[in-house]
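Reader: I would like to go through this model with you and ask, for each label you attach to it, what the label rests on. Could we begin with the structure itself and then take the labels in turn?

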Amino acid sequence: MTEMICSAKGCTQPAAWQHLWNNPKLHTPDRRKIWLACADHRESLGSFLSARGFLKETQPVDELDTAVER
């Protein structure tokens, strides 16, 4: 398994969280994409997605479903 790194721009920290999201203008309702987040960026990445109505769920990265796109 490859190392999972935070999705925040310039961050190289290991991911601890996954934000599952979709853009309803582009994706079907059941499709989920993932942004990975370290502890420091969990809130900011989640807030960014939530403000746009994209955030569906946040889970620990150890619950990662490998069938979901990153």
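Author: A nonpolar core is a set of buried Ala, Val, Leu, Ile, Met, Phe, Trp, Tyr and Cys residues joined through side-chain atoms within 4.5 Å. With that in mind, and remembering that this is a predicted model, the largest nonpolar core consists of seven residues, namely M4, A15, L20, I34, L36, V61 and L64.

Reader: Which residues does V61 contact, leaving aside its neighbours within four places in sequence?

Author: Outside that window, V61 is in contact with M4, A15, A16, W17, Q18 and L36. Of these, M4, A15 and L36 are also listed in the largest core. There is, in addition, a second and separate core of six residues, among them A8, C11, A37 and L45.

Reader: What makes the three strands an open sheet, and in which order do they lie?

Author: Two strands are taken to pair if at least two bridges are found between them, and here five bridges join β1 to β2, while five bridges also join β1, residues 17-21, to β3. Both pairs therefore satisfy the criterion of at least two bridges. The order is β2-β1-β3, with antiparallel pairing, and the sheet is open, with β2 (33-37) and β3 (55-60) as edge strands that each pair on one side only. From one strand to the next the twist averages 25°.

Reader: Which residues are the partners of H19 in β2 and in β3?

Author: In β2 the bridge partner of H19 is W35, and in β3 H19 stands opposite T58. Further pairs can be followed in the model: L20 stands opposite I34 in β2, and W17 has P60 as its bridge partner in β3. L20 and I34 both belong to the largest core.

Reader: How many residues of β1 and of β2 are buried?

Author: In β1 four of the five residues are buried, so that strand is described as mostly covered, and β2 is likewise mostly covered, with four of its five residues buried.

Reader: How do you know that C6 is in no disulfide?

Author: A disulfide is a covalent bond between the sulfur atoms of two cysteines. The rule applied here asks for a pair of cysteine sulfur atoms within 2.5 Å, whereas the cysteine sulfur nearest to that of C6 belongs to C38 and is 3.8 Å away. The pair therefore fails the cut-off of 2.5 Å. For C38 the nearest cysteine sulfur is that of C6, at 3.8 Å, and C38 is in no disulfide either. By this rule the count comes to zero disulfides.

Reader: Why are C6 and C38 called buried?

Author: Buried means under 20% relative accessible area. C6 has a relative accessible area of 5%, so C6 is buried, and C38, with 3%, is therefore buried as well.

Reader: Why is N22 called buried, and where does N22 lie?

Author: N22 lies in the loop between β1 and β2, and its relative accessibility is 2%, which is under 20%, so N22 counts as buried. Not counting residues up to four places away in sequence, N22 touches H27, T28, P29, R31, R32, F54 and K56.

Reader: What makes the approaches of the N22 side chain to T28 and R31 polar contacts?

Author: The distance cut-off for a polar contact is 3.5 Å between N or O atoms. The side chain of N22 reaches the backbone oxygen of T28 at 3.1 Å, and the backbone oxygen of R31 lies 3.2 Å from a polar atom of that N22 side chain. Both distances therefore fall within 3.5 Å.

Reader: Why does Q59 count as buried, and which side chain does its own side chain join in a polar contact?

Author: Q59, placed in strand β3, has a relative accessibility of 15%, which is under 20%, so Q59 counts as buried. A polar contact of 2.7 Å joins its side chain to that of E57. Q59 also touches W17, Q18 and L20, not counting residues up to four places away in sequence.

Reader: Why is H41 called partly exposed?

Author: Partly exposed covers the range between under 20% and over 50%, and H41 has a relative accessible area of 24%, so H41 falls in that range. H41 lies in the loop between β2 and α1 (42-51) and touches C6, A8 and C11, not counting residues up to four places away in sequence. H41 and C11 are 30 residues apart in sequence, and their C-alpha atoms are 8.8 Å apart in space.

Note on methods. Residues are numbered from 1 along each chain as its sequence is written. This is a predicted model: local features need pLDDT of at least 70, side-chain atom pairs count only at pLDDT 80 or more; totals for chains, interfaces and linings use all residues. Side-chain values use heavy atoms; hydrogens and water are left out. Buried means under 20% relative accessible area, exposed over 50%, partly exposed in between (1.4 Å probe, protein chains only). Contact means heavy atoms within 4.5 Å. Axes are lines fitted to C-alpha atoms, for helices over the stretch in contact, and angles run from 0 to 180 degrees between N-to-C directions. A polar contact is a pair of N or O atoms within 3.5 Å; within protein, one must be able to donate a hydrogen and the other to accept it, and residues adjacent in sequence count only if both atoms are side-chain atoms.
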